[in-house]
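Okay, thanks for coming, everyone. I'd like to walk you through one model today, so have a look at it first and then I'll talk.

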There are 2 protein chains.
Amino acid sequence: MKRRLGPSDRLYPMPCPLVVGGTAEEADLLAVAWIGIAAGSPPSVSMALRDSRHTLGLIRRTGEFTVNVPRASQAAVVDYCGITSGRDVDKAAAAGLTLVPGAVVATPLVAECPYNLECRVTHEVDIGHYVLVVGEIVESHADEDILDTSGTKVDAGLLDPLVYIAGSREYRSLGPVVAEAFSIGRTIGAREPEQAR
Amino acid sequence: MKRRLGPSDRLYPMPCPLVVGGTAEEADLLAVAWIGIAAGSPPSVSMALRDSRHTLGLIRRTGEFTVNVPRASQAAVVDYCGITSGRDVDKAAAAGLTLVPGAVVATPLVAECPYNLECRVTHEVDIGHYVLVVGEIVESHADEDILDTSGTKVDAGLLDPLVYIAGSREYRSLGPVVAEAFSIGRTIGAREPEQAR
């Protein structure tokens with residue numbers, strides 16, 4: 001039996017990276033759960049920011065930002081960056097985070113986050129008091145200790161990314177692998193619909 | 001030490017709901033990992049679809065779609081809906097999924113998915129061969145057995161949502177709670193930066 005819960009801004013699960021705007025001279029960062037991949041070619045990301053966010057102003061100045069994926073063990077600093085405004089305090093310094101130069105854009109990366117994307121803004125969509133910022137992903141970086149044996153691909157188990165659950169306001173870690181994608185679906189055929197259950 | 005991996009369309013983790021387009025008479029569905037919340041007021045969702053997708057054509061006909069969050073145990077049907085085209089086969093029937101009427105929009109919900117959003121398209125953004133579809137979330141539904149004791153909020157542990165990991169092509173389940181959001185960050189103060197480590 002389903003129950004109607006009304007219009008909702010919840011989806012399960014969500015990532016929770018730290019997004020940085022600005023330059024080495026003046027940067028700010030915040031935690032963004034409302035973010036996802038927006039295209040495959042060119043690879044792009046979209047994220048929803050309140051139009052009053054300090055980091056949004058910094059992103060608009062340079063047209064660039066970085067997305068920095070934290071480990072589950074970094075929940076406290078991510079939460080701090082989500083509940084504090086950078087107008088009054090140097091959040092990175094307060095949280096003990098190190099901003100380091102990227103390779104392509106002028107906006108710095110968060111050194112302590114093991115996976116990082118460098119982005120250039122391509123679109124902005126106004127939605128109520130939010131701005132959906134779309135950016136092309138022009139470079140990605142990973143700590144060597146989260147790469148699989150090929151040395152070119154992130155191992156999600158080693159990354160152990162932070163997971164956010166809206167509504168119940170929980171941070172979680174990733175659970176075990178339950179199936180192989182682009183593979184287990186082949187066990188379902190139009191002639192044996194009972195296999196789908 | 002960080003390694004440059006080049007432009008990438010990966011973010012960790014991702015949700016993997018089934019998105020339905022069309023009506024009771026003609027509907028199709030697909031698995032969409034490139035999806036996220038796009039605004040809080042009005043609550044909105046954005047998702048990236050290839051411009052050639054059959055479901056996109058159906059969404060455009062009515063200007064509506066639904067987002068249906070599966071349990072981790074439903075990985076096989078989700079994967080099937082991701083790797084099969086609805087041009088040639090009735091995917092819902094083949095996968096043993098039941099399409100049921102929503103409350104607000106004409107596009108049906110997937111009965112077997114325990115959490116569902118009804119959406120109306122508000123924006124489309126063309127990005128290369130992808131279309132970023134933005135929709136206002138006009139209603140949400142949850143199975144009673146995934147609600148917490150208040151009866152009004154989803155319990156993520158009971159929902160046990162499917163998690164997708166791009167790159168390594170894995171489906172995973174959710175791991176344990178590691179911290180309380182809007183709370184653990186308060187343990188970090190500007191005067192004690194060493195606490196952030």
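**Two copies, one shared surface**

Let me start with how the two chains meet. All of it, 100% of the interface residues of chain A, are also interface residues in chain B, so the copies meet through the same surface. Keep in mind that this is a predicted model. The predictor gives the complex an ipTM of 0.94, and the pTM is 0.94 as well. For chain A, mean pLDDT comes out at 94, with 95% of the residues at 70 or more. The part to be careful with is residues 190–197 of chain A, where pLDDT stays under 50. Over that stretch the model has 14 contacts beyond four places in sequence.

Now, how are the copies related? Generally, two copies of a chain are related by a rotation about an axis and a shift along it. Here, you can lay chain A on chain B with a turn of 180° and a shift of 0.0 Å along the axis, and the RMSD is 0.0 Å. The two copies are thus related as by a two-fold rotation axis. And which C-alpha of chain A is nearest the axis? That's the one of A:Gly175, 1.9 Å from it.

Back to the interface itself. On the chain A side, 97 residues are in contact with 97 residues of chain B. The element of chain A that gives the most to that side is strand S12, residues 170–180, with 11 residues. If you break the chain A side down by class, you get 59 nonpolar, 21 polar and 17 charged residues.

So let's look at S12. S12(A) and S12(B) pair with each other, antiparallel, over seven bridges. To give you one spot to find on the screen, A:Ala179 stands opposite B:Tyr171 in S12(B). Within chain A, S12(A) also pairs with strand S11, residues 163–165, again in the antiparallel sense and over three bridges. There, A:Tyr164 stands opposite A:Tyr171 in S12(A). The hairpin of S11(A) and S12(A) has four residues between the strands, and A:Gly167 in that hairpin takes a positive phi near 85°.

Put those pairings together and what do you get? An open sheet of four strands, in the order S11(A)-S12(A)-S12(B)-S11(B), with antiparallel pairing. S11 of chain A and S11 of chain B stand at the edges with a single partner strand each, so one side of each is left without a neighbour in the sheet. Neighbouring strands of this sheet are turned by 50° against each other on average, ignoring direction.

There's another pairing between the chains that I want to point out. Strand S1 of chain A, residues 2–4, pairs with strand S10 of chain B, residues 130–143, in the antiparallel sense over three bridges. If you go to A:Arg4, its bridge partner in S10(B) is B:His141.

Next, helix H2, residues 75–83. In chain A, seven of its nine residues are buried, so this helix is largely enclosed by the rest of the structure. Which residues of H2(A) are buried? They are A:Ala75, A:Ala76, A:Val77, A:Val78, A:Asp79, A:Tyr80 and A:Cys81. And what covers them? The cover includes strands S2 and S3, helix H3 and S12 of chain A, together with S12 of chain B.

In chain B, H2 also has seven of its nine residues buried, so it is largely enclosed by the rest of the structure too. Among the buried residues of H2(B) are B:Asp79 and B:Tyr80. Its cover includes S12 of chain A, along with S2, S3, H3 and S12 of chain B.

Let me zoom out to finish with chain A as a whole. It has four helices and 12 strands. The C-alpha atoms of chain A fill a box of roughly 60 × 45 × 35 Å along the principal axes. Of the 197 residues in chain A, 57% are buried. As for contacts in chain A with a separation of 6 or more, 63% are accounted for by residues 24 or more positions apart. That's what I have, thanks.

Technical notes. Residues numbered from 1 in each chain as written. Chains lettered and ligands numbered in written order. Predicted model: local features only at pLDDT ≥ 70, side-chain atom pairs only at ≥ 80, totals over all residues. Contact = placed C-beta atoms within 7 Å. Helix = DSSP H or I, 4+ residues; strand = E, 2+ residues; numbered from the N terminus. Nonpolar A, V, L, I, M, F, W, Y, C, P; charged D, E, K, R; others polar. Pairing = 2+ DSSP bridges. Least-squares fit on C-alpha atoms with pLDDT ≥ 70 in both. pLDDT = per-residue confidence, 0-100. Buried ≥ 20, exposed ≤ 12 C-beta atoms within 10 Å, placed from the backbone. Axes fitted to C-alpha atoms, helices over the stretch in contact; angles between N-to-C directions.
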